[in-house]
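Visitor: Before we look around, may I ask a "how do you know" question at every stop?
Guide: Please do, and I'll set each value against its cut-off.

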Amino acid sequence: MSALVDVTVTERDVDVSFEVADGETVALLGPNGAGKSTTLSVLGGLLRPDAGRIVLDGEELTGPGTWVAPHARRTALLAQDPLLFPHLSVLENVAFGPRSTGTGRRAARAAAEHWLAEVDAAELAGRRPAQLSGGQAQRVAVARALAADPRLLLLDEPMAALDVAVAPALRTLLRRVLADRTAVIVTHHVLDALLLADRVVVVEGGRVAEQGPTSEVLSRPRSAFAARFAGLNLVSGVATPDGVRRPDGLLLHGTAATGDHPPPGSPAVAVFRPSAVAVHREPPGGSPRNALAVVVTELEPLGDVVRVRAGELAADVTVASVAELGLAPGSDATFVVKATEVDVYAQ
Ligand SMILES: Nc1ncnc2c1ncn2[C@@H]1O[C@H](COP(=O)(O)OP(=O)(O)OP(=O)(O)O)[C@@H](O)[C@H]1O
């Protein structure tokens, strides 16, 4: 079931276009307010776009003069909140989907039992939602979404409301059920993208900033958001023969790992790991290395290092270095990175 999405929601300044191949899971990534949930609402038919079209499995769901109602789309939404009917048992909740599309009682019940077993929740069948933990309720919600036999599964931050101890088990379950399903997932979590998505679509300011296979986008990001999401520093500007020049004139020397240095003058990015950055209080004199004057904005503990953030840039240094340098938000500092650590490629 492939999907083609090309929609505009004028009031929210959202205008996105992307495709989902048959059996593929696409992750929508982006900062708060980027338009991810709006896109999901349009796909599910909860919001009517001002222009554009959605084609699912060859059928136009939304288009000029076409509007298929939400219940007739055969899409299912798994949200943060399981949204189970409190007065129905778990089994009845899961059977609700097939029942509402006309399946007989007995067959709907059999489908519910099947999907509850698939999500390892068969023993919960007789309980009421109030008798479930958050993780159990979300498992049941997954079964309910699948029991409706959706052509397209929509997931809106399905792990966001769960305890950190429970989220990994649900992620593993979703990895299994999404393996050959056509799905779109909105997430803020890098593990969701890595473990669940074949491709990612990065939305910034209501527009698609970049898209591509997950491993490619996260290892060689081209947008500021994807770089931050992947835990990498990204400086964008124009290519020079030996690096990238920022709009403010600063030249960052780097190398094109794959040998395809972008043509001078073309839009390019310089990408480097926070762990490759050394932090100094004073600019190191006479050094041929890249030196970026920054103001520290935030210190964040990260395992056995401290991530020193300076706006969009980050450096990982030891706790001892932070103490020795006396770093704190507001400190002037210089981030230094060797040219051999800076990967340059076309934006
Ligand atoms: N119900 C609404 N009515 C009007 N505007 C809305 C509504 N919901 C969201 N918006 C606006 O639409 C734009 C896109 O918001 P949306 O919720 O789609 O972003 P998002 O990427 O899902 O963000 P988040 O990660 O914070 O959930 C924002 O400018 C937001 O303020």
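**Ligand shell, sheets and helix pairs**

Visitor: Which helix gives the largest share of the shell around the ligand?
Guide: Helix H1, residues 36–44, with three residues. Bear in mind that this is a predicted model.

Visitor: What makes a residue part of that shell?
Guide: Its C-beta atom, placed from the backbone, has to lie within 6 Å of the ligand. The residues that pass are Arg12, Val14, Gly30, Asn32, Gly33, Ala34, Gly35, Lys36, Ser37 and Thr38.

Visitor: And how does the shell divide by class?
Guide: Into two nonpolar, six polar and two charged residues. Gly counts as polar here, and the charged pair is Arg12 and Lys36.

Visitor: Does H1 sit alone or pack on something, and what does H1 touch?
Guide: Let me set up the sheet before I answer. Five strands make an open antiparallel sheet, ordered E2-E1-E4-E5-E6. At the edges are strand E2 (14–20) and strand E6 (66–67), each pairing on one side only. H1 packs on this sheet, where it touches strand E1 (3–9), E2 and E4, and its direction makes about 115 degrees with that of E1.

Visitor: How do you know that strands E4 and E5 are paired?
Guide: Pairing takes at least two bridges, and three bridges join E4 (residues 51–56) to E5 (residues 59–63), with the strands running antiparallel. As an example of the register, Val55 stands opposite Glu60 in E5.

Visitor: What makes E18 and E20 edge strands?
Guide: Each of them pairs on one side only: E18 spans 298–302 and E20 spans 313–318. They belong to an open sheet of three strands in the order E18-E19-E20, with antiparallel pairing. Ignoring direction, neighbouring strands of this sheet are turned by 25 degrees against each other on average.

Visitor: How many bridges back up the pairing of E18 with E19?
Guide: Five, set against the required minimum of two. The two strands pair in the antiparallel sense, and E19 covers residues 305–310. Pro301 stands opposite Val306 in E19.

Visitor: On to the helices. Why are H2 and H3 called oblique?
Guide: H2 (residues 90–100) and H3 (residues 105–118) pack at about 120 degrees, with axes 8 Å apart. Roughly perpendicular ends at 115 degrees and roughly antiparallel begins over 145, so the pair is oblique. The crossing is right-handed.

Visitor: What meets what between H2 and H3?
Guide: Val90, Leu91, Val94, Ala95, Pro98 and Arg99 of H2 meet Ala107, Ala108, Arg109, Ala111, Ala112, Trp115 and Leu116 of H3. By class, that contact has eleven nonpolar residues, two charged and no polar.

Visitor: Why do H3 and H4 also get the word oblique?
Guide: Their axes cross at roughly 135 degrees and come within 9 Å, H4 being residues 134–147. That angle falls short of the 145 that roughly antiparallel has to exceed, so H3 and H4 count as oblique. H3 passes H4 in a right-handed crossing.

Visitor: Which residues make that contact?
Guide: Ala111, Ala112, Trp115, Leu116 and Glu118 in H3 meet Ala143, Leu146 and Ala147 in H4. They divide into seven nonpolar, no polar and one charged.

Visitor: Last stop: what makes H4 and H5 roughly parallel?
Guide: H5 (residues 167–178) packs against H4 at about 15 degrees, with the axes 10 Å apart. Anything under 35 degrees counts as roughly parallel, so the label fits. Their crossing is right-handed.

Visitor: And which residues of H4 and H5 make the contact?
Guide: From H4 come Gly135, Gln138, Arg139, Val142 and Leu146, and from H5 come Ala169, Leu170, Leu173 and Val177. The classes are six nonpolar, two polar and one charged.

Note on methods. Residues numbered from 1 in each chain as written. Predicted model: local features only at pLDDT ≥ 70, side-chain atom pairs only at ≥ 80, totals over all residues. Axes fitted to C-alpha atoms, helices over the stretch in contact; angles between N-to-C directions. Helix = DSSP H or I, 4+ residues; strand = E, 2+ residues; numbered from the N terminus. Parallel < 35°, antiparallel > 145°, perpendicular 65-115°, else oblique. Left-handed = near helix turned anticlockwise from the far one by under 90°. Contact = placed C-beta atoms within 7 Å.
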